[in-house]
Amino acid sequence: MGSLQQAKALIVVNNWGIEETELTRPLRDLREAGAHVTLAAPSLDEVETVKHDRYEGEKVKPDALLDDVDAADFDMLIVPGGTCNVDRLRIMPKAISLAQQFAKAKKPIAAICHGPWLLVNAGLTSGKTLTSCRYIAADVENSDGVYRDQEVLIDDSQEWRLITSRKPDDLDAFVDAIESTLSA
C-alpha cells in the first residue's frame with residue numbers, strides 16, 4: 001500500500017442498524033487522513049445508524065451499491081458492528097463473497113463489535129484469534145476461532161491480516177490499527 005493517501009478502503013453495511021460511531025469514526029478518520037474510503041450498502045438510500053442498538057443515530061449516504069463493488073479495487077475491508085446491521089449483512093451472498101475474496105487475495109479485513117459475525121458466516125474465523133463483542137464470542141469459538149477479550153487484536157495467520165475490536169470504547173485502538181496497516 002505504501003501511504004494512507006493512496007489506500008483504498010471499503011466499508012460494507014446494511015442500510016440500517018449500524019452502530020453509529022463504529023461506522024462514522026473509521027469512515028471520517030480515514031478520509032481525514034487522506035485515504036479513499038467507499039461506503040457500500042444494499043441500496044443507495046441513506047444508511048440509518050443507531051446508538052447502542054436502539055436510539056436513532058446519524059444518517060449517512062452510501063457511495064456505492066454493495067452489488068457493484070469488487071474486492072480487487074480495494075486494499076482493505078472494514079465491517080462495522082450493530083446487531084441488526086451485521087445480522088442482515090452476514091446472510092447476504094455478496095457480503096459473504098466479498099469477505100472471502102479479501103481473505104483469498106491476502107488483503108486485510110477489520111471488524112468491530114458484531115462485525116466478525118460476517119466473517120463467521122464467510123468461513124474465515126477458523127484458526128484465527130480475534131475479539132468481538134461478548135455476545136458473539138460463542139459464535140467465534142463455535143467456528144473454530146479463538147476468542148480473546150481485549151481492546152484490539154491483530155492476527156496475521158493464514159497469510160492475511162484480521163483486525164478486530166470489541167466495542168465503541170475501543171475505536172481509538174481499532175482506527176489506529178487500520179491506519180497503521182493501510183500505511184505499511
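This talk covers one helix pair, some salt bridges, a buried loop leucine and two residues with positive phi. The model is predicted, so please keep that in mind throughout.

I'll start with the helix pair. Helix α1 spans residues 20–32, and helix α6 spans residues 171–183. Their axes come within 10 Å of each other and cross at roughly 40°. That angle makes α1 oblique to α6, since the oblique class takes what is left once angles under 35 degrees, over 145 degrees and from 65 to 115 degrees are set aside. As for handedness, the crossing of α1 past α6 is right-handed.

Which residues make the contact between α1 and α6? On the α1 side they are Thr 21, Glu 22, Arg 25, Pro 26, Asp 29 and Leu 30. On the α6 side they are Leu 171, Asp 172, Phe 174, Val 175, Ile 178, Glu 179 and Leu 182. Sorted by class, this contact of α1 with α6 has seven nonpolar residues, five charged ones and one polar one.

Next, the charged pairs. Side chains of opposite charge can pair when their charged atoms come close. How many salt bridges does the structure hold? There are 11, and I will go through a few.

Two of the residues from the helix contact come up again here. Asp 29 forms a salt bridge with Arg 25, with the closest N and O atoms 2.9 Å apart. Both residues sit in helix α1, four residues apart, which is about one turn of the helix. Arg 25 has a relative accessible area of 26%, so it counts as partly exposed.

A second bridge joins Arg 90 to Asp 87, and here the closest N and O atoms are 3.0 Å apart. The two partners fall on either side of the 20% cut-off for burial. Arg 90 is buried, with a relative accessible area of 18%, whereas Asp 87 is partly exposed at 26%.

The third pair is Asp 170 and Arg 166, whose closest N and O atoms are 2.9 Å apart. Are these two buried or exposed? Asp 170 and Arg 166 are both buried. To return to α1 for a moment, salt bridges with shared partners join Arg 25, Asp 29 and Asp 172 into one network. Arg 25 and Asp 29 belong to the α1 side of the helix contact, and Asp 172 to the α6 side.

Now the loops. Leu 66 lies in the loop between β6, residues 64–65, and β7, residues 76–79. Its relative accessible area is 3%, so Leu 66 is buried. What does Leu 66 touch, leaving aside residues up to four places away in sequence? The list is Val 12, Ala 40, Ala 41, Pro 42, Leu 89, Met 92, Lys 94, Ala 95 and Leu 98. For scale, Leu 66 and Asp 169 are 103 residues apart in sequence and 28 Å apart in space, C-alpha to C-alpha.

Last, the backbone. Asp 53 has a phi near 65°, a positive value in a residue other than glycine. Asp 53 is in the loop between β4, residues 47–51, and β5, residues 55–60. With a relative accessible area of 36%, Asp 53 is partly exposed.

Lys 106 is not a glycine either, and its phi is positive at about 60°. Lys 106 is placed in the loop between α3, residues 93–104, and β8, residues 109–112. Its relative accessible area is 45%, so Lys 106 also counts as partly exposed.

Definitions and conventions. Residues numbered from 1 in each chain as written. Predicted model: local features only at pLDDT ≥ 70, side-chain atom pairs only at ≥ 80, totals over all residues. Heavy atoms only, no water. Axes fitted to C-alpha atoms, helices over the stretch in contact; angles between N-to-C directions. Left-handed = near helix turned anticlockwise from the far one by under 90°. Contact = heavy atoms within 4.5 Å. Nonpolar A, V, L, I, M, F, W, Y, C, P; charged D, E, K, R; others polar. Salt bridge = Lys/Arg side-chain N within 4 Å of Asp/Glu carboxyl O. Buried < 20%, exposed > 50% of the residue type's maximum accessible area, 1.4 Å probe, protein only.
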